[in-house]
Amino acid sequence: MKSTGEIKNILQAASIEELPEFIETYSRDDRAGVRKLAESAARRLEALEKEKQRIEGLRVYEEQYGEYEYICGVDEAGRGPLAGPVAAGAVILPRGCRILYINDSKQLSEKKREELYDVIREQAVSWAVGIVSPERIDEINILQATYEAMREAVRKLIPAPDILLNDAVTIPRIAIPQVPIIKGDAKSISIGAASIVAKVTRDRLMAEYDRKYPEYDFAGNKGYGSVRHIEALKKYGPTPIHRRSFIKNIL
């Protein structure tokens, strides 16, 4: 007979497909500790089913516009920070795509975003990121810079999208049909994927800037106005990646 410790190791190594057999085998064991392990496996299965249902809910717009072959989600990252570029992601997922755990990137841990970033790039029909610099943000304002980043991302896609599902906005100077969806990164799997791609790309850029300007903690704050960032800004002044139009009141 296997010990409770051995059974725990089996559970930790078990794939989702192996859980029903594990539950069947150990749910009626005489040992309370083993039965608890079976209950844990059952909760894991239940959580998976809930996640699958949630993802089905994220496919509503993709189903609604299913007559279009290439449906593209578009979202941005970095509209609010004091430093760094604004980034926009554009992602065309394959028909019937059901990548689990896709969500508004702000609702995910950094580790989960990084994991999903790789899965999205692997499975996407096409994906791209547009980047607009802090200088350009100062020149044309953050909203217009965001539109510019979105247009750049969409232009890079091969094949070209047939329709855009955008997080909240309608992008000027794009001839492709567009559907703006309020809080779309939490309502559409395509927009959620674009949100993750944009944020991970921008976060990695800010980590690179952190090595160049370590006083500002860009790896930690991603350019947002944290206490340490504001203190460094007042002490050392702005870097070349600061948005002058965003920091004039601070300085």
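Helix α8 (189-212) gives the lining of the largest pocket its largest share, four residues. Here a pocket is an open set of points on a 1 Å grid over the protein atoms alone, with protein on both sides within 12 Å along at least five of seven lines, and lining residues have an atom within 4 Å of a point. Helices (H or I, at least four residues) and strands (E, at least two) are DSSP runs, numbered from the N terminus. The model is a predicted one, in which local features need pLDDT of at least 70 and side-chain atom pairs count only at pLDDT 80 or more, while totals for chains, interfaces and linings use all residues. Residues are numbered from 1 along each chain as its sequence is written, and side-chain values use heavy atoms, with hydrogens and water left out.

Besides α8, β1 (71-77) and α7 (142-156) each put at least two residues into the lining of this largest pocket. The space inside comes to about 310 Å³, a volume being the space filled by probe spheres set on the points, which are joined across faces, edges and corners. Of its 19 lining residues, Glu 76, Ala 77, Gly 78, Lys 106 and Tyr 224 lie nearest the centre. Sorted by class, the lining has ten charged residues (Asp, Glu, Lys and Arg), five nonpolar (Ala, Val, Leu, Ile, Met, Phe, Trp, Tyr, Cys and Pro) and four polar (the others, Gly among them).

Next comes the second largest pocket, at about 200 Å³. Its lining runs to 17 residues, with Glu 62, Ile 71, Pro 94, Arg 95 and Gly 96 nearest the centre. Two or more of the lining residues come from each of α4 (60-64) and α8. The class split is nine nonpolar, three polar and five charged.

On to the rings: there are four aromatic pairs (rings of Phe, Tyr and Trp, the last by its six-membered ring, with centres within 6.5 Å). Tyr 117 and Trp 127 have ring centres 6.3 Å apart and planes at 70°, so they pair edge-to-face (over 60 degrees; under 30 would be stacked and the rest tilted). Since Tyr 117 sits in helix α5 (residues 110-123) and Trp 127 in strand β3 (residues 126-132), the pair ties together parts ten residues apart in sequence. Tyr 117 is buried (under 20% relative accessible area, 1.4 Å probe, protein chains only) at 5%, whereas Trp 127, at 30%, is partly exposed (between that and the over 50% of exposed). Elsewhere, ring pairs link Tyr 216, Phe 218 and Tyr 236 into a cluster.

Note on methods: On a 1 Å grid over the protein atoms alone, a cavity is a set of points where a 1.4 Å probe fits but cannot get out, and a pocket is an open set with protein on both sides within 12 Å along at least five of seven lines; lining residues have an atom within 4 Å of a point.
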